[in-house]
Each structure stands twice: as C-alpha cells, then as structure tokens.
Amino acid sequence: MASTQSFWPVPQREGAADLWVCMSCLSEVYYRKVPMPDCPGCHGVSTYEAFTLEAVRDWGSDELIAKAVAAQAAGAGESAAAPVSS
Ligand SMILES: [Zn+2]
C-alpha cells in the first residue's frame, strides 16, 4: 500500500508566517503546506498553526527547530529552482 503523505498547499501571504506546526504533538512542521487528511505524527485534524522560524526557535524543541530549518531550506530551494523571467 502506498503511504505517500499528501499535502494541502498553503498560499503564501505577504509578511505572514509560513512554517506550519502541529500544535497537538509539536513534532511536525512543514513549509507553506499542511499534511492531509491529518497530522502524520498524532493524527490530529486541523491542529496546524503558522509560525515564523524565529518563533519556532523561541519555543520549539531542538528536533522541531531542526525540522523547521530543513523544511524552510527545502522550500526556499524549490522557489529558487523556478525559472526567473527577466
Ligand atoms: Zn501532530
């Protein structure tokens, strides 16, 4: 059986936080998207809230911070890889 995680993409708003953290288990974080239909860690529904990386660094565990940094780096890499029109 396929166990690939699906996501809802979250449109980025100007100046808004773009790291989505599960407030139930505090161990899952994604960049500009949230897992569907529920959290893969605790199976909570609608438990995700948006935070900036600075906020996550402020209160997150070392593991969560590391995940947040990796997620943001991966997301930024995808954006950078997009064709740039000049
Ligand atoms: Zn969770």
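**Loops and core, Q&A**

Me: Pro37 sits in the loop between β4 (33–36) and β5. Which residue does a cis peptide bond join to Pro37?

Reply: First, this is a predicted model: local features need pLDDT of at least 70, side-chain atom pairs count only at pLDDT 80 or more, and totals for chains, interfaces and linings use all residues. Numbering starts from 1 along each chain as its sequence is written. Most peptide bonds are trans. Here, omega is about 0 degrees, and the partner of Pro37 is Met36.

Me: What pattern do the helices and strands follow along the sequence?

Reply: These are DSSP runs numbered from the N terminus: H or I over at least four residues for helices, E over at least two for strands. The protein has two helices and five strands. Read along the sequence, that gives β-β-β-β-β-α-α.

Me: Is His43 buried or exposed?

Reply: His43 has a positive phi, near 65 degrees, and lies in the loop between β4 and β5. Buried takes 20 or more other C-beta atoms (placed from the backbone) within 10 Å of a residue's own, exposed 12 or fewer, and partly exposed falls in between. His43 has 11 such neighbours, so it counts as exposed.

Me: Which element gives the largest share of the largest nonpolar core?

Reply: A nonpolar core joins buried Ala, Val, Leu, Ile, Met, Phe, Trp, Tyr and Cys residues through C-beta atoms within 7 Å. The largest one has 15 residues, with Trp20 among those with the most contacts inside it. Elements giving two or more residues include β3 (29–31) and α2 (62–81). The largest share, four residues, comes from β2.
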